[in-house]
Amino acid sequence: MKLDDIRREYTKDGLSREKLDDNPIVQFEHWLQQAVDANLSDPTAMVVATVDEQGQPSQRIVLLKQVDDNGFVFFTNTGSRKAQELKGNNKISLHFPWHNLERQVIVYGEAEPLPTAAVAKYFLSRPKESQLAAWASAQSRPVSSRQALMQTFNSMKSKFAKGDIPLPDFWGGYCVKPHQIEFWQGGEHRLHDRFMYRKDVSGQWQVERLNP
């Protein structure tokens with residue numbers, strides 16, 4: 001297999017400044033709705049990038065759970081690698097790869113922990129099996145086998161067989177406060193359309209076109 005022969009042209013759409021909303025959150029919501037309407041698999045899936053104390057980046061796919069003018073929200077085990085890295089360095093990047101639309105969005109910002117009340121509200125809205133899985137998994141830590149994981153899951157299932165499942169004290173969420181957001185639309189001959197929103201010192205968004 002010759003990897004350098006795998007290529008295609010991007011011809012679905014173009015992007016101009018006139019097509020963009022002045023507010024990048026509004027523009028993001030517009031593109032996200034189009035991704036949902038196009039029946040893309042996991043349209044809310046985003047790559048979350050963090051950096052450890054040695055400067056080593058790490059990435060994983062997480063589902064976006066809320067977006068508004070405050071920022072982008074996701075939830076996780078606070079003992080996970082990403083949560084531990086954010087504790088030491090809250091700078092973060094989010095990447096939404098909508099391949100079938102030949103689009104991507106990249107968010108640069110800082111992650112702020114959500115208040116417990118907001119975390120509990122979301123946790124209690126999850127399917128019961130997802131709640132049990134949160135209790136069963138010591139996320140990012142070694143486990144001896146799949147069987148051991150399932151034994152812990154079944155143990156939690158028995159423990160919380162009656163009544164509501166409480167919020168684990170090791171489960172939380174983050175709101176990513178963006179200061180830069182890039183919108184990318186594929187173009188012919190690799191002449192892609194890229195626009196970067198940057199928040200200035202007054203808190204206003206400025207937009208400029210970038211070279212592909």
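A salt bridge is a side-chain nitrogen of Lys or Arg within 4 Å of a carboxyl oxygen of Asp or Glu. The model is predicted, so local features need pLDDT of at least 70 and side-chain atom pairs pLDDT 80 or more, while totals for chains, interfaces and linings use all residues. Residues are numbered from 1 along each chain as its sequence is written, and side-chain values use heavy atoms, without hydrogens or water.

**Exercise 1.** Determine which side chain of opposite charge is nearest to Arg60, and describe the surroundings of Arg60.

Solution.
- Step 1: locate the residue. Arg60 belongs to strand β2 (residues 57-63); strands are DSSP runs of E, at least two residues, and helices are runs of H or I, at least four, numbered from the N terminus.
- Step 2: check burial and charge. Arg60 is buried, that is, under 20% relative accessible area with a 1.4 Å probe and protein chains only. Lys and Arg count as positive, Asp and Glu as negative, and His and the chain ends are not counted. The nearest side chain of opposite charge is Glu85, 4.0 Å away, and Arg60 has no salt bridge.
- Step 3: look for a polar partner. A polar contact joins the side chains of Arg60 and Ser58 at 2.8 Å; the term means N or O atoms within 3.5 Å, one able to donate a hydrogen and the other to accept it within protein, with sequence-adjacent residues counted only if both atoms are side-chain atoms.
- Step 4: list neighbours. Leaving out residues up to four places away in sequence, Arg60 touches, among others, Met46, Val48, Arg81 and Glu85, where contact means heavy atoms within 4.5 Å.

**Exercise 2.** Classify the ring pair of Phe28 and Phe72, and state which parts it ties together.

Solution.
- Step 1: apply the rule. Rings of Phe, Tyr and Trp (its six-membered ring) pair if their centres lie within 6.5 Å; planes under 30 degrees apart are stacked, over 60 edge-to-face, the rest tilted. The count by this rule is 16 aromatic pairs.
- Step 2: classify. Phe28 and Phe72, at 5.1 Å centre to centre and 80 degrees between the planes, are edge-to-face.
- Step 3: place the rings. Phe28 lies in helix α1 (residues 24-37) and Phe72 in strand β4 (residues 71-77), so the pair ties together parts 44 residues apart in sequence. Both Phe28 and Phe72 are buried.

**Exercise 3.** State why the pair of Tyr122 and Trp171 is stacked.

Solution.
- Step 1: the ring centres of Tyr122 and Trp171 are 6.2 Å apart and the planes are at 10 degrees, so the pair is stacked.
- Step 2: Tyr122 is in helix α3 (residues 116-125) and Trp171 in strand β7 (residues 171-185), 49 residues apart.

Methods. Buried < 20%, exposed > 50% of the residue type's maximum accessible area, 1.4 Å probe, protein only.
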